[in-house]
Amino acid sequence: MSLTQLTRILGLLALGCSAATPGARPHDMSAENHEAAAKAHQQASEEHAAEYNPEAREARERCALSPKAVRNACWSSVRNPTAIHARQAAAHRRHAADHRAASGALRDAEALACAGLGQDDRDISPFAHREDIAGVEPLREPSNNPKIRGTRTVGAVVTLRAVQGMTAEWLQRIVDCHIARSSALGHVVPEMPYCPLVPKGVSATVSPARGGFRISICAEDEAGGREVLARAERLTQ
């Protein structure tokens, strides 16, 4: 994948990151669930809009508080008692738009990352080919806590044997496709309990190695790193 394509994918996924709606960032849920949430908010918006009557009027008397024995005027005012429904309708419309944007970002990122790949490469994890896995080892980095010396586990390195027709560039495209697809599915892929590309927030880099390729898979935090490693270790069991 070129730098331009990667930049486009990251830009798509960032579209919903500034959404004001809680839970409407792309990675908060799957594309399908974002679409369901958008539909629910749209329905709520329409229900509130139906309750709003721009002609409704309600007279109210507002008297300012004052000490005893001090006369004060009581002012009358007119308000629309259904105005709250107009505000609620507008809020739900915004929430629906945020969820639609998040869903679109996830689906567009998947389409871009998987463009040009064959059906098998899109549907089957590269780690499903266990006979081509040469080894698995933890991916560690120095602890980011100054009070704790040593390293922390942030993921795994999986070494694949060279296969005919495979290049590091092509394998990177397959890996990127599966990360984008996992994001679109909300990182819930029960049929792939072994795939270390499924957890939320992972990134992966493919590099040539003697007799094959190294895939370094890094999670965004230590808990994610342990999950990535646990999944990768299942590949050799």
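Of the 237 residues of the protein, 36% count as buried. Buried means under 20% relative accessible area, exposed means over 50%, and partly exposed lies in between, with a 1.4 Å probe and protein chains only. This is a predicted model, in which local features need pLDDT of at least 70, side-chain atom pairs count only at pLDDT 80 or more, and totals for chains, interfaces and linings use all residues. Residues are numbered from 1 along each chain as its sequence is written, and side-chain values use heavy atoms, with hydrogens and water left out.

**Overall layout**

The protein has 6 helices and 6 strands. Helices (H or I, at least four residues) and strands (E, at least two) are DSSP runs, numbered from the N terminus. Read from the N terminus, the order of elements is α-α-β-β-α-α-β-β-α-β-β-α. Contacts, meaning heavy atoms within 4.5 Å, often bridge long stretches of sequence: among those between residues at least 6 apart, 67% join residues at least 24 apart.

**Helix α3**

Helix α3 covers residues 83-114, which makes 32 residues. The expected span of a helix is 1.5 Å times one less than its number of residues. For α3 that gives 46 Å, and the end C-alpha atoms are 47 Å apart, which agrees. Just after α3, Gly116 takes a positive phi of about 90 degrees.

His92 lies in this helix. His92 is buried, because its relative accessible area is 16%. Leaving aside residues up to four places away in sequence, His92 touches His41, Ala44, Ser45 and His48.

**The disulfide**

How many disulfides does the count give? The count comes to 1 disulfide, where a disulfide is a pair of cysteine sulfur atoms within 2.5 Å. The bond joins Cys114 to Cys177, with an S to S distance of 2.0 Å. This pair links distant parts of the chain: Cys114 is in helix α3, Cys177 is in helix α5, and 63 residues separate them. The torsion about the S-S bond of Cys114 and Cys177 is about 95 degrees, so the disulfide is right-handed.

Both partners are buried. Cys114 has a relative accessible area of 6%, and Cys177 has 0%. Two further cysteines can be placed on the scale. Cys195 is buried at 2%, while Cys218 counts as partly exposed at 26%.

**Salt bridges**

A search of the whole structure finds 9 salt bridges. A salt bridge is a side-chain nitrogen of Lys or Arg within 4 Å of a carboxyl oxygen of Asp or Glu. The table gives some of them.

| Salt bridge | N to O distance |
|---|---|
| Glu110 and Arg181 | 2.8 Å |
| Asp123 and Arg181 | 2.6 Å |
| Glu227 and Arg231 | 3.2 Å |

Take the bridge between Glu110 and Arg181. This pair links distant parts of the chain, with Glu110 in helix α3 and Arg181 in helix α5 (residues 168-184), 71 residues apart. Glu110 is buried, since its relative accessible area is 16%. Arg181 is partly exposed, with a relative accessible area of 21%.

Arg181 also meets Asp123 in a salt bridge. Here too distant parts of the chain are linked: Asp123 is in helix α4 (residues 119-123), Arg181 is in helix α5, and the two are 58 residues apart. Asp123 counts as partly exposed, because its relative accessibility is 36%.

The bridge between Glu227 and Arg231 is a local one in sequence: both residues lie in helix α6 (residues 222-234), 4 residues apart, about one turn of the helix. Is each partner buried or partly exposed? Glu227 is partly exposed, with a relative accessible area of 36%. Arg231 counts as buried, at 12% relative accessibility.

Which residues are joined into one network by salt bridges that share partners? They are Glu110, Asp123 and Arg181.

**Rings**

The count comes to 0 aromatic pairs. For that count, rings of Phe, Tyr and Trp (its six-membered ring) pair if their centres lie within 6.5 Å; planes under 30 degrees apart count as stacked, over 60 as edge-to-face and the rest as tilted.

A charge does sit over a ring, however. The charged end of Arg130 sits over the ring of Tyr194, 5.2 Å from its centre. The rule asks for NZ of Lys or CZ of Arg within 6 Å of the ring centre and within 35 degrees of the ring normal.
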